Amino acid sequence: MDPYSAEGELINIHNHFHQGQYQDVVDFDTSALSSENALPARVLQLRARLALGQADEVLADVQSENGPELEAIAALAEQALGNEEAAVKAIEQLAQESGDNATVQVMGGTVLQAAGKSDEALALLSQHSGNLDAVSLIVQIHLQQNRNDLAIKEVAAARRWAQDNLLVNLAESWVGLRLGGEKYQQAFYVFEELAQAPATSSVRSLVSQAVAELHLGRTEEAQAALEEALKKEPTFAEAIANLLVLSVVTGKDPKDLTSNLEKADARHPFLLDLAEKSELFDKAATKYKAKVAA
């Protein structure tokens, strides 16, 4: 039996992870799991700890252990700590030796994509065999490449064999937010259901709901969801970044929120993109400075 299926042992801890309930994953009681599922459960818990910002502790836990799964986790931790060159080197070695390992595929794809090596990431992920974590990452990469067509195909293919799985629903919703139109409302239904149900709610699902609300033009509802997320986690960078965008859309001064985002994550993609565009604007502006005759 697939341990991630509706009847499988890992369905709950796996869903907690992809619902953004990372502390619930860390606290999950794994003592009753069968021996073959102990390692996959541990991998999920280590990934959750990385998402909670515990890269130092995770690296200390796994760096003295062998096995491709834990070595892949160690590489992801190294990258989170800023050691990208070492992380990529480790993953490229693992990809050669254990490219058929599901954890190596997903952790490796994550490391390589973050390092700007999309083609290598996709080549590794494409070796998966019915791994929805790999599918969801492939979809995210295609969306980042602005290849909506490939993302749509990936979701459609997964829907045929995974049916109503949470990850397929999420991936379809990510694509929907890119496509727009009636897809916005369909994505909203998925994210709202996750965000508002006590058993599935997290700051991440609240932010996803807010993004869908914003696309639908419901700015007040979007703000309420983002403020609720920030009450739960005041320094959550994605909530701050989206509230910043919302403030601009609604004509409010984003200065304080920009400062808050810099404090929460100085390397946040929004800030890096903003800095790049500001620099390009300044360069363009110099070409049009008034010339004063001598």
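Welcome to this predicted model. The protein has a mean pLDDT of 93, and 96% of its residues reach 70 or more. Confidence is lowest in helix α17 (residues 269-286), where the mean is 88, and highest in helix α8 (residues 118-125), where the mean is 98. As a general caution, where pLDDT is low, the predicted coordinates should not be read in detail.

**A helix pair**

Let us begin with helix α4 (residues 55-62) and helix α5 (residues 68-80). Their axes are 9 Å apart, and the two helices pack at an angle of about 150°. Angles over 145 degrees count as roughly antiparallel, so α4 is roughly antiparallel to α5. The crossing of α4 and α5 is left-handed. On the α4 side, the contact is made by Ala55, Val58, Leu59 and Val62. On the α5 side, Leu70, Ile73, Ala74, Ala77, Glu78 and Ala80 take part. The residues of this contact divide into nine nonpolar, no polar and one charged.

**A buried alanine**

Next comes alanine 239, a residue of helix α15 (residues 237-249). Is alanine 239 buried or exposed? Its relative accessible area is 0%, so alanine 239 is buried. Which residues does alanine 239 touch, not counting those up to four places away in sequence? They are Val207, Leu226, Ala229 and Leu230. Alanine 229 is 10 residues from alanine 239 along the chain, and the C-alpha atoms of the two are separated by 6.7 Å.

**Two residues with positive phi**

If you enjoy looking at backbone torsions, two loop residues are worth a visit. Most residues other than glycine have a negative phi. Asparagine 146, however, has a positive phi, near 60°, and glutamine 163 also has a positive phi, near 50°. The table sets them out with their loops and relative accessible areas.

| Residue | Phi | Loop | Relative accessible area |
|---|---|---|---|
| Asparagine 146 | near 60° | between α9 (132-144) and α10 (148-162) | 59% |
| Glutamine 163 | near 50° | between α10 and α11 (166-179) | 56% |

Exposed means over 50% relative accessible area. With 59%, asparagine 146 is therefore exposed, and with 56%, glutamine 163 counts as exposed. Helix α10 borders both loops: asparagine 146 lies in the loop between α9 and α10, and glutamine 163 is found in the loop between α10 and α11.

Note on methods. Residues are numbered from 1 along each chain as its sequence is written. This is a predicted model: local features need pLDDT of at least 70, side-chain atom pairs count only at pLDDT 80 or more; totals for chains, interfaces and linings use all residues. Side-chain values use heavy atoms; hydrogens and water are left out. pLDDT is the predictor's confidence in each residue, from 0 to 100. Helices (H or I, at least four residues) and strands (E, at least two) are DSSP runs, numbered from the N terminus. Axes are lines fitted to C-alpha atoms, for helices over the stretch in contact, and angles run from 0 to 180 degrees between N-to-C directions. Angles under 35 degrees count as roughly parallel, over 145 as roughly antiparallel, 65 to 115 as roughly perpendicular and the rest as oblique. A crossing is left-handed if the near helix is turned anticlockwise from the far one by less than a right angle, and right-handed if clockwise. Contact means heavy atoms within 4.5 Å. Ala, Val, Leu, Ile, Met, Phe, Trp, Tyr, Cys and Pro count as nonpolar, Asp, Glu, Lys and Arg as charged, and the others, Gly among them, as polar. Buried means under 20% relative accessible area, exposed over 50%, partly exposed in between (1.4 Å probe, protein chains only).
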